[in-house]
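The exercises below concern the fold and local geometry of one protein chain. Please attempt each task before reading its solution.

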Amino acid sequence: MKNKGKQIVLVVVILIALAALVKSMGQQASYERILVDTQANKVFVKRISSNAAVEYPTSSPFSKGNNAYPALKCLNCEAVFGVKEKPIIESTEEMPASPQVMGEITPPTWPKCPVCGAVANAMVPVLPEGQKSMDVAGPVQLIEAE
Ligand SMILES: [Zn+2]
């Protein structure tokens with residue numbers, strides 16, 4: 001029967017679609033973040049799992065030890081600098097931990113450029129298309145996140 005063959009094909013197609021869906025949902029459990037390695041003077045993309053809290057500095061493929069911070073680029077003087085983010089643990093004892101809060105990657109305060117002093121004039125640096133890392137002029141400065 002031709003009909004039965006069609007049904008089997010349909011079931012197979014649905015199974016493949018389901019498998020692809022599960023796979024893509026699994027991939028959403030991580031996100032990419034632009035970091036700067038203060039030792040190697042490299043800006044690079046790091047894939048971070050959203051299931052675990054990340055503490056900065058974190059490891060970098062370009063140097064030994066933990067030298068990578070979330071990167072920002074000053075729109076005024078074009079300097080790339082790192083942000084010393086504090087782990088998001090303290091002062092939330094009364095609130096139940098929400099997994100959604102962990103996914104937020106916006107800086108908590110407006111950053112100030114450590115090179116030229118411009119305030120609220122920085123954005124996450126953009127890597128050239130197709131590249132996962134790029135050199136930046138060092139030394140890379142760091143700012144404290146409040
Ligand atoms: Zn600047």
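Four exercises follow, each with a worked solution.

The structure is a predicted model, in which local features need pLDDT of at least 70, side-chain atom pairs count only at pLDDT 80 or more, and totals for chains, interfaces and linings use all residues. Residues are numbered from 1 along each chain as its sequence is written.

**Exercise 1. Overall composition**

Determine the secondary structure of the protein chain and the order of its elements.

Solution. Step one is to fix the terms: helices (H or I, at least four residues) and strands (E, at least two) are DSSP runs, numbered from the N terminus. On this basis the protein chain has two helices and eight strands. Step two is to read the elements from the N terminus, which gives α-β-β-β-β-β-α-β-β-β. Step three concerns contacts, defined by C-beta atoms, placed from the backbone, that lie within 7 Å. Among contacts in the protein chain with a separation of 6 or more, 65% are between residues 24 or more positions apart.

**Exercise 2. The surroundings of strand S5**

Identify the strands that pair with S5 and state the sense of each pairing.

Solution. Two strands count as paired if DSSP finds at least two bridges between them. Begin with strand S4 (residues 63-74), which pairs with S5 in the antiparallel sense over three bridges. Leu72 has Phe81 of S5 as its bridge partner. Five residues lie between the strands in this hairpin. Next, strand S8 (residues 141-144) runs parallel to S5 and is joined to it by four bridges. Here Gly82 has Leu142 of S8 as its bridge partner.

Finally, consider burial: a residue is buried if 20 or more other C-beta atoms lie within 10 Å of its own, exposed if 12 or fewer, and partly exposed in between. Four of the five residues of S5 (residues 80-84) are buried, so this strand is largely enclosed by the rest of the structure. For the protein chain, buried residues make up 19% of the 146 residues.

**Exercise 3. The nonpolar core**

Which residues of the largest nonpolar core touch the most other members?

Solution. A nonpolar core is a set of buried Ala, Val, Leu, Ile, Met, Phe, Trp, Tyr and Cys residues joined through C-beta atoms within 7 Å. The largest such core has 16 residues, of which Leu35, Val36, Val43, Tyr69, Ala71 and Val80 touch the most other members. Strand S1 (30-37), S2, S4 and S5 each give two or more residues to this core. S4 gives the most, with five residues. As one example, the residues that Val36 touches include Val43, Tyr69, Val80 and Val140, with residues up to four places away in sequence not counted.

**Exercise 4. Backbone geometry in the loops**

Locate the cis peptide bonds at Pro57 and Pro139, and the positive phi values of Glu78 and Ala120.

Solution. The reference point is that most residues other than glycine have a negative phi, and most peptide bonds are trans.

- The Tyr56 to Pro57 bond is cis, with omega near 5 degrees; Pro57 lies in the loop between strand S2 (42-49) and strand S3 (58-60).
- Gly138 and Pro139 are joined by a cis bond with omega about -5 degrees; Pro139 lies in the loop between strand S7 (133-135) and S8.
- Glu78 has a phi near 70 degrees and is in the loop between S4 and S5. Glu78 is partly exposed, with 13 other C-beta atoms within 10 Å.
- Ala120 has a phi near 55 degrees and is in the loop between helix H2 (99-102) and strand S6 (122-123). Ala120 counts as exposed, because 10 C-beta neighbours lie inside 10 Å.

Note on methods
Contact = placed C-beta atoms within 7 Å.
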